Amino acid sequence: MGTSRSIPVETRLAASRTATASSWVTSAVSSKDLVHVRRALLRWYDEHRRDLPWREAHDPYRIWLSEIMLQQTRVAAVLDHYRMFLERFPNVQALAAASEDAVLVAWSGLGYYRRARMLHQAAQQITEKHGGRFPRNSEAWLALPGIGRYTAAAIASIAFAEPVAVVDGNVERVLQRFIGINLTTPQIWQHAQVLLAASRPGDFNQAMMELGATVCVPREPRCLMCPVRNWCATQHSPQSMERRASPPGPATNSTRQVKKEIWCVLNQRDGGIRLVQRAKTASLMPGMWELPQSCEPPRPLPASAHWRTFRHSITVTDYTVHVLRNTPLRNTPLPDIPPAAKGKWIAIDRIPRIPITGLTRKILKAGGVI
């Protein structure tokens, strides 16, 4: 069988739309080279992988928790929350027995609170319907709340050595560059499965993700540090510099951020803070507590009322947040947020036990309240 260097990249690009996983093994890299690719990547992973707490053991509870926390969240932002969450809920039984509010409190600051709710519901199903025993394959994991194809495969391969590949944004980028052809989503999953080292599926999946996160990065990939560069189609193509910066595949439009301006009030008295609670049916962060907010400033606005301004982002919205002190808000509130008049005085020492929004936590910390 020929190697990738015996077939022009342009030829493989032209045939990309009909490429299959099996034909890729014979046209892009030989079966013999496939063995070397797996060995090289695993050797690199053993030597260079980051020291992350969820990699210390094959505990399915810890692996599951880490995978949920890492969805749409950077590793650096997860580390402290992961440690504190485990201190509060050290096993699935403790998580299942907790109230939803207690889980949201422990999750506060990570955002995307639906993840925490689904995690809690899944824990209850595991304890009530499965006697506290975790599913041992990806198909069974998919039946639990909050578990998609990627998460199911990641947990099953890492915790139970099921030979099933994972595809996240990092793996997709690595594969697109490595193969050098345009791939549809189904093809990416097929190719990932072909490439998988069945002898160490969990480590191999993590190695692919690690490679994309630390070496084969979106801009200015560190090709000289790549353990599989000798077999990489992009590395050897005449247009390699261009393709490194922009991997093959259909162009996607980046989400345009929406900019909004809001005002909120930090009212304190007698050891308490005035907070409002979002409706349980709210589309965003239902049931969470926060400072009273409005889309308009109070009029007249005393110059002395303005305390400071924060920048805050929630999904696709960038907020400029003006924080006022001890000033009533009587304007029309934002959607899903009750009028300030419906707020309650909450004792400061109780705040660590109620679920508050990330913005509220940021403001209260800046003000030395918590």
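Q: Angles from 65 to 115 degrees count as roughly perpendicular. Why do helices α3 and α13 earn that label?
A: This is a predicted model. In the model, α3 (residues 31-48) and α13 (residues 201-214) pack at about 75°. Roughly perpendicular runs from 65 to 115 degrees, so α3 and α13 are roughly perpendicular to each other. Their axes lie 9 Å apart.

Q: How do you know that α3 and α13 touch, and which residues meet?
A: Contact means heavy atoms within 4.5 Å. From α3 come Arg38, Leu41, Leu42, Trp44, Tyr45 and His48. They meet Asp203, Phe204, Gln206, Ala207, Met208, Glu210, Leu211 and Thr214 of α13. By class, this contact has eight nonpolar, three polar and three charged residues.

Q: What makes α11 and α12 roughly perpendicular?
A: The axes of α11 (residues 169-179) and α12 (residues 185-195) cross at roughly 80°. The range for the label is 65 to 115 degrees, so α11 and α12 are roughly perpendicular to each other. Their axes come within 10 Å.

Q: Which residues make the contact of α11 with α12?
A: Helix α11 gives Glu172, Leu175, Gln176 and Ile179. Helix α12 gives Ile188, His191, Ala192 and Leu195. Five residues of this contact are nonpolar, two are polar and one is charged.

Q: Why are β5 and β6 called edge strands?
A: The order of the open, four-stranded sheet is β5-β1-β7-β6. Its pairing is mixed. Strands β5 (293-294) and β6 (306-314) each have a single partner strand, so one side of each has no neighbour in the sheet.

Q: How do you know that β1 and β5 pair?
A: Pairing takes at least two bridges. Strand β1 (residues 258-266) and β5 have two bridges, so they count as a pair. The sense is antiparallel. In one bridge, tryptophan 263 has serine 294 of β5 as its partner.

Q: Which helix packs on the sheet, and which strands does the helix touch?
A: Helix α16 (residues 358-366) does. The helix touches β1, β5, β6 and β7 (317-325). Its direction makes about 145° with that of β6.

Q: What makes a space a pocket, and how much space lies in the largest pocket?
A: A pocket is an open set of grid points, with protein on both sides within 12 Å along at least five of seven lines. About 1,000 Å³ lies in the largest pocket. It is lined by 45 residues, and the closest to its centre are Gly111, Tyr112, Met285, Ile314 and Thr315. The elements that give two or more residues to this lining are α4 (60-69), α5 (75-88), α8 (114-129), β1, β6, β7 and α16. Helix α8 provides the largest share, five residues. The lining of the largest pocket has 21 nonpolar, 15 polar and nine charged residues.

Q: What makes a space a cavity, and how many cavities of 30 Å³ or more are there?
A: In a cavity, a 1.4 Å probe fits but cannot get out. The structure holds three cavities of 30 Å³ or more. The largest cavity has a volume of about 150 Å³.

Q: Which residues and helices line the largest cavity?
A: Its lining has 16 residues. Nearest the centre lie Arg177, Cys216, Cys223, Cys226 and Cys232. Helices α11 and α14 (233-236) each supply at least two residues of the lining. The largest share, three residues, comes from α11. By class, the lining of the largest cavity has ten nonpolar, two polar and four charged residues.

Conventions
Residues numbered from 1 in each chain as written. Predicted model: local features only at pLDDT ≥ 70, side-chain atom pairs only at ≥ 80, totals over all residues. Heavy atoms only, no water. Axes fitted to C-alpha atoms, helices over the stretch in contact; angles between N-to-C directions. Parallel < 35°, antiparallel > 145°, perpendicular 65-115°, else oblique. Nonpolar A, V, L, I, M, F, W, Y, C, P; charged D, E, K, R; others polar. 1 Å grid on protein atoms, 1.4 Å probe; cavity = no way out; pocket = protein on both sides within 12 Å on 5 of 7 lines; lining within 4 Å. Points joined across faces, edges and corners; volume = space filled by probe spheres on them.
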